[in-house]
Amino acid sequence: MRFKKLIKRYFERGSVCVTGQRGTGKDMLMANVVARRRKPYVANIDYNCPNSEYFKLDFNSLMLGGNTYKDLISGNVKKFCYAYPEGADIYITDIGVYFPSQYCNELNKLYASIPLFLALSRQIANCNVHLNVQNLNRAWDKFREQSDLYITADRCLVLFNGRFVIQRIIIYDRADTCQARVRPCRVRKGRGKEAKSQVDIYKDNFYNQHGLVEGRWLFYRNRSNYDTRYFKSLLVEGGIS
């Protein structure tokens, strides 16, 4: 699959969650999406893409000024102005570190406004919210539920001192199928009408049960230069003296 087709078909149409084990190229994929879109973007890390203006994400800016569902129901809405350019998609790397699912109850209380932003991101900011996480169930369910599509970074090979990338991805439209790491449907074509009919029935049953499960290979030039050890730099520099 061509990288531009991947962007147009998925990243420009909705919010995408990228999963995968360490070293399978989750950030590599997201960084090169940013680089090729050549648009302003909001993210918790700088992907260092020269033609894409970077805005540092402050998670407080997603709190809608403290408005919750109660305020919307009662009509007692607090004033809120979005801090970033409209149309600039949001990219959050390692969402499971910032909003871990094991603290779901605390997150529901402390950050009750963020799910509202995720649901209303198109109306408020004309943007999508893209995520990556090692394992889908490690992320707060409020983020998982708002993704339109899920991509597993399956394999990644970086060549020629980081200049070129060969990457295998699997695309899903259902979170449970992605979480279960279901592999794409593979059947051998039979001979004769009856055999072909059985293959068609098998495929229909597979997609009815699992939804979209589509494997693709990507071969692309790496156009980013991000810090692959960002969290080490963050912790060494610190924010408190």
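A cavity is a set of grid points where a 1.4 Å probe fits but cannot get out. The exercises below apply to a predicted model.

**Exercise 1.** State how many cavities of 30 Å³ or more the model holds, and give the volume of the largest cavity.

*Solution.* Step 1: the count comes to two cavities at that cut-off. Step 2: the largest cavity has a volume of about 50 Å³. Step 3: for the second largest cavity the volume is about 40 Å³.

**Exercise 2.** Describe the lining of each cavity by residue and by class.

*Solution.* Step 1: around the largest cavity lie V34, R37, K39, P40, Y41, G87, D89 and Y91. Step 2: sorted by class, this lining gives four nonpolar, one polar and three charged residues. Step 3: the second largest cavity is lined by T19, G20, Q134, N135, L136, C178, Q179 and R181. Step 4: that lining divides into two nonpolar, five polar and one charged.

**Exercise 3.** Place strand β7 (residues 164–172) among its pairing partners, and say how many of its residues are buried.

*Solution.* Step 1: strand β6 (residues 149–159) runs antiparallel to β7, joined by nine bridges; within this pairing, T152 has I170 of β7 as its bridge partner. Step 2: the hairpin of β6 and β7 has four residues between the strands, and F160 takes a positive phi near 50° there. Step 3: β7 also pairs with strand β8 (residues 213–221), again antiparallel and over nine bridges; here I171 is bridged to E214 of β8. Step 4: taking buried as under 20% relative accessible area, eight of the nine residues of β7 are buried.

Notes. Residues are numbered from 1 along each chain as its sequence is written. This is a predicted model: local features need pLDDT of at least 70, side-chain atom pairs count only at pLDDT 80 or more; totals for chains, interfaces and linings use all residues. Side-chain values use heavy atoms; hydrogens and water are left out. On a 1 Å grid over the protein atoms alone, a cavity is a set of points where a 1.4 Å probe fits but cannot get out, and a pocket is an open set with protein on both sides within 12 Å along at least five of seven lines; lining residues have an atom within 4 Å of a point. Grid points are joined across faces, edges and corners, and a volume is the space filled by probe spheres set on the points. Ala, Val, Leu, Ile, Met, Phe, Trp, Tyr, Cys and Pro count as nonpolar, Asp, Glu, Lys and Arg as charged, and the others, Gly among them, as polar. Buried means under 20% relative accessible area, exposed over 50%, partly exposed in between (1.4 Å probe, protein chains only). Helices (H or I, at least four residues) and strands (E, at least two) are DSSP runs, numbered from the N terminus. Two strands pair if DSSP finds at least two bridges between them.
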